[in-house]
Amino acid sequence: MIQQLIHVQKQIVPDLLDTLRHRYDILHYVRLMQPIGRRTLATSLGLTERILRREVDFLKDQGLLAVATQGISLTESGRNVLRDLHEVMGEILGISEVARELEQKLGVRQVVIVPGDSDETFWVQRDIGRAAVTQLKARLAPDDNIIAVTGGTTMASVAAMMSPDKKERPMHFVPARGGLGETLELQANTVCSRMADRAHADYHLLHIPDEVSQETFERMVEEPSIKNVLEMIRAARIVVHGIGEAETMAKRRHATPEHLRMIERHDAVAEAFGYYFNAEGEIVHRVKTVGIQLEELDNMDTVIAVAGGKSKAQAIAAYAKHTPNIILVTDEGAATELLTCY
């Protein structure tokens, strides 16, 4: 029915849909970046200040935006309208249909797509983070929830968009992998603590390098503090993790030249949890890491994989072939590339 209505509107009042898209983009961007100045908002959305001022004045008169000295922000009514608009815009932009097609093509449990391409527009990654948080909260149990999270740039965006649960369901955050070995702000420990802080929840950190020898691993896991956290990680109900491009991830983790040659020789295109996959989804290399192992994902109630940008499409396709039991949160750029090229 809604598609019929959209079709008629495109024929009779095409300007109406353009106006709706402009105002949706404004509300959406303000929600992600609020409070935000008028000039920054106009530049970010590619609008002239004159047009933006007219639209902001309209949305303010409707009670959806508040304009103050520190910038523009959403009102409570604005948040409610934006929540209702998400589904409508998904249908209008064709994103809902793309999500359904992608679920069938990849064979995954669910696909959630946000508008835009995070390779081209930085704030799309924040939108992916917001969508991942929504999926996480939708699957919280009423009594207890241990949530394991990995590190990485996309996961840092998930942490930035985390907020307390309105139903006050208990959450305990743990890193899914060892916390040392890469840039501090991208480490699993950092993402874990930031998510817990924003959720007003507690957390436990894993102060151990991600990659260790077998001998070191066996000694360290006997330490009571480490043993306790590892037990919590394996008891996690929900895992939220990123998917990386193989070469990028290997370099970010300071892989040895031999390691890099191994990845290239086996045509690895994707990485997750220290496992490297070729385009067929086959594991072609593995780095022994501390924390969740790939086979343990089968024991988790919910596995949310977050990755966006056209450049990540091949990595997402490869990982999904090996691990279809995921909820994939991605963006329009990656989704379109996945449907047309992989």
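**Exercise 1. Where does helix H5 bend, and by about how many degrees?**

Step 1. Find the bend. H5 bends by about 30° at His86. The bend at a residue is the angle between axes fitted to the seven residues ending there and the seven starting there. Helices (H or I, at least four residues) and strands (E, at least two) are DSSP runs, numbered from the N terminus.

Step 2. Know your model. This is a predicted model, where local features need pLDDT of at least 70, side-chain atom pairs count only at pLDDT 80 or more, and totals for chains, interfaces and linings use all residues. Residues are numbered from 1 along each chain as its sequence is written, and side-chain values use heavy atoms, with hydrogens and water left out.

Step 3. Check the length. H5 covers residues 76-92, which is 17 residues. From first C-alpha to last, H5 reaches 24 Å, close to the expected 24 Å. The expected span is 1.5 Å times one less than the number of residues.

Step 4. List the buried residues. Buried means under 20% relative accessible area, exposed over 50%, and partly exposed in between (1.4 Å probe, protein chains only). In H5, the buried residues are Gly78, Leu82, Leu85, Met89, Gly90, Glu91 and Ile92.

Step 5. Look past the end. Gly94 follows H5, and its phi is positive, near 80°.

**Exercise 2. Describe how helices H14 and H15 pack.**

Step 1. Take the geometry. H14 (residues 313-322) and H15 (residues 332-341) pack at an angle of about 65°, with their axes 9 Å apart. That makes H14 roughly perpendicular to H15. Axes are lines fitted to C-alpha atoms, for helices over the stretch in contact, and angles run from 0 to 180 degrees between N-to-C directions. Angles under 35 degrees count as roughly parallel, over 145 as roughly antiparallel, 65 to 115 as roughly perpendicular and the rest as oblique.

Step 2. Give the handedness. H14 passes H15 in a right-handed crossing. A crossing is right-handed if the near helix is turned clockwise from the far one by less than a right angle, and left-handed if anticlockwise.

Step 3. Name the residues that meet. Ala313, Ile316 and Ala317 in H14 meet Ala334, Glu337 and Leu338 in H15. Contact means heavy atoms within 4.5 Å.

**Exercise 3. Which elements cover the buried residues of helix H8?**

Step 1. Pick out the buried residues. In H8 (residues 153-160) they are Thr154, Met155, Ser157, Val158 and Ala159.

Step 2. Find the cover. It includes helix H7 (123-138), strand E4 (146-149), helix H9 (188-199), strand E7 (238-242) and strand E12 (302-306).

Step 3. Examine one partner. The axes of H7 and H8 come within 7 Å and cross at roughly 65°. Their crossing is right-handed. Among the residues of H7 that meet H8 are Ile128, Gly129 and Ala132.

**Exercise 4. Is His200 buried or exposed?**

Step 1. Locate the residue. His200 sits in the loop between H9 and strand E6 (202-203).

Step 2. Read the backbone. Phi of His200 is near 55°, a positive value in a residue other than glycine.

Step 3. Use the accessibility. His200 has a relative accessible area of 67%, so it is exposed.

**Exercise 5. Is Phe273 buried or exposed?**

Step 1. Locate the residue. Phe273 is in the loop between strand E9 (268-272) and strand E10 (275-278).

Step 2. Read the backbone. Phi of Phe273 is near 55°, a positive value in a residue other than glycine.

Step 3. Use the accessibility. Phe273 has 3% relative accessibility, so it counts as buried.
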